Structure formats: C-alpha cells, structure tokens
Amino acid sequence: MIEVNELVKQYGDFVAVKGISFNAQPGQVTGFLGPNGAGKTTTLRMLTGFMPPTAGSAKVAGFDVFDQSMEVRKRVGYLPESVPLYRDMTAVQYLMYIGEIRGIKHRRERAYEVLRRVGLSHRGDSLIRTLSKGMRQRVGLAQALIHDPEVLILDEPTIGLDPIQVLELRDLISELRQKHTVLFSTHILSEAEQVCDKVVIIQQGAIIAQGTPTELRATLERGGRVLVRANAPVEDLSEALGTLPSVLHTEIVTEGLVVTPKTTDHDPRPEVARRIIERGWSLIELRPLAVNLEEIFLELTRAQKRAEVVEAPPSETQSETSEAEVQE
Ligand code: ATP
C-alpha cells in the first residue's frame with residue numbers, strides 16, 4: 001500500500017512536485033503517467049526513501065518515507081530509470097551481491113529464484129555486459145524483487161526496449177500485482193491503459209486526474225465529443241450545431257459530423273438533438289465517440305493550459321466566458 005498526502009518537492013526556488021495526493025493499493029498496478037519533466041522520478045525517489053520531501057507526507061507499506069526511511073527501503077523494491085548494474089559480474093553474482101547488502105540468506109538460491117521469476121534463469125551465468133538491454137532490464141527487476149518486497153516501484157521500466165521486450169515486460173509487471181503493490185511510471189499512454197488498474201496523471205508537478213482507465217474514459221465520454229448524423233447536408237448540420245452555446249467546434253468527418261463541447265462536464269447531446277429537430281431534420285445517429293487514454297490526456301492537458309491562461313476569475317460567469325475565449 002502506498003499513501004501519498006500533499007507531497008511537495010522543491011529544488012531551490014523551483015517546485016517540481018506541488019502537493020500531490022494519491023494511493024496505490026495492494027494487488028493492483030498503479031500507473032504514474034506524465035510527460036517528460038512532469039515530476040515522476042522526483043516523486044518515486046521520495047517514495048523509495050532516497051530523497052526527503054520538502055513538505056507533505058507519504059507512507060509506504062505502513063511506514064513514513066521521511067521518519068522511517070530505513071523501514072521503507074526494506075519493504076520496497078526499486079527499479080530506477082537507469083539501473084546501476086556491474087557489467088563485469090554475472091547476473092547471479094550481481095544478484096548475490098545485492099542480496100548480501102539486503103542481508104538475505106541462501107543468496108545463490110534466491111538469485112536463481114528471482115531470475116526464474118523474470119524469465120532469465122538460463123542466463124544467470126552470463127556476464128551482464130553480454131546481455132541485451134531487455135535482459136539487463138530484467139536483471140534490474142530481479143534485484144528489485146530479491147528481498148520479496150511488499151511494494152514495487154518501477155521508473156519507466158520499458159524505456160529503450162524493443163517492441164517484443166516491451167510486451168514481455170508488461171506481461172511480467174501485470175503478473176507481479178498478484179504478490180505486490182506495484183507503482184510504475186510511464187509517459188506512454190497506451191502502456192498505462194493496457195497494464196494498469198489505476199492511473200494517476202501528473203503534469204508540471206500536479207495531479208490533473210486519477211482513476212481506472214474506464215473511469216477516466218467515462219468522465220470524458222459523458223461530456224465529450226459526439227458523432228452526429230442527420231438527413232441534412234453535413235455543411236448545414238455543421239453550421240446549425242456549431243452555433244450552439246455549449247459547442248466549441250464541429251468537424252466534418254467521413255461518418256458524419258463530430259461535435260466538441262466547450263467543457264467536458266457538459267453532455268451536448270440533448271441540445272444537439274433539439275436543434276436538429278427544430279430545423280425539421282431527422283436524427284439518424286448521435287453517439288459519444290470512444291476515447292482512449294491518449295485523448296483523455298490531451299484533453300486534460302488542454303483544460304489545464306486553459307485554466308492557467310484564465311487569470312483568477314472573480315465569478316463563475318466570467319470564468320466561463322474567459323475559458324471560451326482561450327480555446328484553441
Ligand atoms: P522524465 O520522464 O523526463 O524522466 P519526470 O517526470 O521523471 O521526467 P523529474 O525527473 O521528476 O520528471 O523532473 C521534474 C522537474 O524537476 C524537471 O523540471 C527537472 O528538470 C527538475 N529536476 C529534477 N531533478 C532536479 C534536481 N536535482 N535539481 C533541480 N531540478 C531538478
């Protein structure tokens with residue numbers, strides 16, 4: 001279990017993590033998703049007890065990352081973005097060395113056990129420098145697993161791997177949820193969607209959304225884009241719907257007309273249907289467009305940018321007007 005509460009990290013004057021809160025549950029893979037520089041590594045380093053937070057708190061496996069960082073380290077397996085592997089050791093020698101630091105008994109057996117777990121027992125006696133990048137990443141994961149930690153924290157584990165290695169590693173991460181609380185960072189949206197039970201989206205040090213991929217999708221589908229077809233010329237339909245107060249813009253596509261509302265918490269369908277009927281046309285189709293995590297991410301990022309442009313609006317009405325003005 002990971003519990004993060006208003007965590008802040010400041011580097012000098014720069015606030016890299018701005019008071020974030022989220023949980024990661026046992027038996028689940030939680031994805032920590034964000035673009036480059038969003039604050040993922042900074043957060044993960046605080047959670048592994050390697051760097052103290054500036055403010056706020058976090059508990060990992062029931063221990064405070066600041067006050068009880070040694071207890072946290074005992075219970076966390078950490079795969080950093082670049083694993084410091086000793087290239088002139090064999091995989092087994094390296095894992096035995098890590099096992100010794102961790103105070104593990106029966107180190108050779110344990111080294112082979114974790115190598116089996118990551119599907120690399122046949123290369124246990126190979127020098128690390130002779131292993132492929134994907135294999136080295138597996139050795140990195142094996143060192144994170146050596147002390148059978150309750151919590152696994154993986155920083156961009158699939159970066160730099162070829163597509164087959166990526167698939168294999170994702171399958172492995174999925175399996176790990178059976179025994180561990182897994183938190184892994186990624187900037188790849190489809191990866192978060194495929195592997196994670198829950199996704200936490202971070203941007204510029206702040207969490208902009210969190211939930212299951214299905215929940216995040218539902219939020220946008222409720223007030224997201226809709227596809228419209230009616231028995232009218234599509235240009236006329238575009239003109240009629242584009243002037244609705246809640247509509248941001250329309251786009252003519254092969255299947256019909258895509259209508260994008262100004263805000264995602266507003267379902268445009270009743271208004272769209274009414275206007276079509278007012279014009280005396282027949283409505284043929286009116287359905288939400290499927291959204292994937294990529295669209296959710298782009299939409300949330302745009303929404304945040306809009307919010308930043310709007311300068312402290314004094315009233316709700318004014319806020320809506322300003323938001324509309326700053327749309328693309
Ligand atoms: P990436 O996906 O590129 O690794 P990230 O989401 O992991 O990005 P961080 O590495 O946590 O992001 O960096 C967040 C911000 O903090 C960035 O603007 C980065 O330049 C800054 N930063 C990170 N480490 C330091 C440091 N030691 N001193 C000063 N600024 C730092």
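In which helix is Glu-191 found? Select Glu-191 and you land in helix 7, residues 189-195. Helices here are DSSP runs of H or I with at least four residues, strands are runs of E with at least two, and both are numbered from the N terminus.

Before going on, two notes. You are looking at a predicted model, where local features need pLDDT of at least 70 and side-chain atom pairs count only at pLDDT 80 or more, while totals for chains, interfaces and linings use all residues. Residues are numbered from 1 along each chain as its sequence is written, and side-chain values use heavy atoms, with hydrogens and water left out.

**Stop 1: around Glu-191**

Switch on a surface: Glu-191 has a relative accessible area of 0%, so it counts as buried (under 20%; exposed is over 50%, partly exposed in between, with a 1.4 Å probe and protein chains only). Now add Arg-170, whose side chain makes a polar contact of 2.8 Å with that of Glu-191. A polar contact is a pair of N or O atoms within 3.5 Å; within protein, one must be able to donate a hydrogen and the other to accept it, and residues adjacent in sequence count only if both atoms are side-chain atoms. Beyond neighbours within four places in sequence, the contacts of Glu-191 (heavy atoms within 4.5 Å) include Thr-158, Val-166, Phe-184 and Cys-196.

**Stop 2: the ligand**

Next, select the ligand and the 13 residues around it, each with a heavy atom within 4 Å. Gly-37, Gly-39, Lys-40, Thr-41 and Thr-42 come nearest. Try three distances to oxygen atoms of the ligand:

- Gly-37: 2.7 Å from a backbone N or O atom.
- Gly-39: 2.9 Å, again from a backbone N or O atom.
- Thr-41: 2.7 Å, this time from a side-chain N or O atom.

**Stop 3: the lining of the largest pocket**

Now move to Phe-50, Ile-98, Ile-101, Arg-102 and Gln-143, which lie nearest the centre of the largest pocket among its 18 lining residues. A pocket is an open set of points on a 1 Å grid over the protein atoms alone, where a 1.4 Å probe fits, with protein on both sides within 12 Å along at least five of seven lines; lining residues have an atom within 4 Å of a point. Colour helix 3 to see the largest share of this lining, four residues. Helix 2 (69-75) and strand 6 (76-79) each supply at least two residues as well.

**Last stop: the whole protein**

Zoom out to take in 12 helices and 14 strands. Of the 328 residues, 47% count as buried.
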